[in-house]
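Subject: Handing over the structure

Hello,

I am passing on to you the structure that we talked about, together with its sequence. Please open both and keep them beside you while you read my notes.

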Amino acid sequence: MTALTSEAPSTLADLVSPLTEPEFLGLLRGRQLAYRPGANGERYAPLLGWPALRRMIEAGNYPSKRPDDIRVTKEGIMVPADRWMTKGKVDAEKLEKFLASGFSIVIVHLDEHVPALAAVCEEIRSRILEASWVGAIVTSGAGAGAFQVHYDPEDLVILQVEGTKRWQIFGSPVSHPLRRMPKQSPPETEPIFDEVLEPGDLLFVPSGNWHHCESGLSTSVHLGIFFLPPTSWHAANEILRPFLAEELFRTPLTRLDGGSALEEVEAEVKSRLIEKIGELKLSEFIAGWSKVAS
Ligand SMILES: [Fe+2]
């Protein structure tokens, strides 16, 4: 590990400073928006500014386990990977060209390559029991934005690392959103928050807050530390999943023998569901969550 790495925040308390850890945990619990200019982001700049990210890409760290850990996008429109890869490898020169024409580069699971970030995420998983990972968005040129107005189902600590980025947040937030829940339309009102983040600024954007960001004139990098808590919905899905291994649940209902066959299957399915629901233990589900969801 280099000297620069060891200076980067590697604990939750360092990460959220100047908020104290109890203050931050209160905001996280209450899903309350918070903005603290001049906080911690600058301490990540040597490690995760665009030149450092580019070096990581050139070293072949991306893509690693998941093909979409790196994406090129503009206002939510994705550029196919073959336009910025050469012979199966991400081509940093091609990425630069996309950046220069207003596209954004989204890189996720950075914590898998940066020990200081890995330590922060591991602390979140083991102490708060929530899933956690880190992403970066790189943009260049005034007005460039990766996504249209949207909300995320995860709570996000945003650290502006390099350049500037204008953040607009539109009220009211969607309450406790989860992925794949019915779509909602963004509010067509004036923003409740409109600030230009500078290097070192920290913004806590709780899940469900509609937001849009656009870059300043120079290259802009911000980090997002994601927090994904377990919910009863996740737990309910988890207990149903093993049914896939049971023939009872895979039998086509339209191809049963006539007579009372459907009623018999229904009685058996109900009985298996009731049995499984009786086994639900939320505390056990929570204990295993951060490993499976990160
Ligand atoms: Fe977002």
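What follows is a short account of what was found, beginning with the chain as a whole and ending with its salt bridges.

Please bear in mind throughout that this is a predicted model. The chain contains 11 helices and 13 strands, and its C-alpha trace spans about 70 × 50 × 45 Å along the principal axes. Of its 294 residues, 46% count as buried. Among the contacts with a separation of 6 or more, 83% are made by residues that stand 24 or more positions apart. The area that the chain exposes is about 15100 Å², and carbon and sulfur atoms supply 56% of that area.

Next comes the metal site. The iron ion has as its protein donors H150 and H211, each through NE2, and D152, through OD, lying 2.2 Å from the ion. Along the chain these donors follow the spacing H-x1-D-x58-H, and both H150 and D152 are buried.

Turning to charge, the chain carries 30 positive and 40 negative side chains, and the centres of these two sets lie 4 Å apart. The structure holds 19 salt bridges, and I would suggest looking at a few of them in turn.

In one of these, R127 pairs with E21, with 2.4 Å between the closest N and O atoms. R127 belongs to helix α7 (residues 115–128) and E21 to helix α3 (residues 21–30), so this pair ties together parts that are 106 residues apart in sequence. R127 is partly exposed, at a relative accessible area of 47%, whereas E21 counts as buried because its relative accessibility is 17%, and buried means under 20%.

Another salt bridge joins R166 to E214, at 3.8 Å from N to O. Here R166 lies in strand β9 (residues 165–170) and E214 in strand β12 (residues 210–215), so the pair ties together parts that are 48 residues apart in sequence. R166 is partly exposed at 31%, and E214 likewise counts as partly exposed, at 22%.

The salt bridge between E58 and R54, whose closest N and O atoms are 2.9 Å apart, sits within one element: both residues lie in helix α5 (residues 50–58), four residues apart, which is about one turn of the helix. E58 counts as partly exposed at 42% relative accessibility, while R54 counts as buried at 16%. R54 and E58 are also linked with E93 and E96 in a network of salt bridges.

With best wishes

Key. Residues are numbered from 1 along each chain as its sequence is written. This is a predicted model: local features need pLDDT of at least 70, side-chain atom pairs count only at pLDDT 80 or more; totals for chains, interfaces and linings use all residues. Side-chain values use heavy atoms; hydrogens and water are left out. Donors are N, O and S atoms within 2.8 Å of the metal (3.2 Å for Na, K and Ca); water is not among the atoms, so sites may look incomplete. Buried means under 20% relative accessible area, exposed over 50%, partly exposed in between (1.4 Å probe, protein chains only). Helices (H or I, at least four residues) and strands (E, at least two) are DSSP runs, numbered from the N terminus. Contact means heavy atoms within 4.5 Å. Accessible areas come from the Shrake-Rupley method with a 1.4 Å probe; for residues, only the protein chains shown count as cover. Lys and Arg count as positive and Asp and Glu as negative; His and the chain ends are not counted. The place of a charge is taken as NZ of Lys, CZ of Arg, CG of Asp or CD of Glu. A salt bridge is a side-chain nitrogen of Lys or Arg within 4 Å of a carboxyl oxygen of Asp or Glu.
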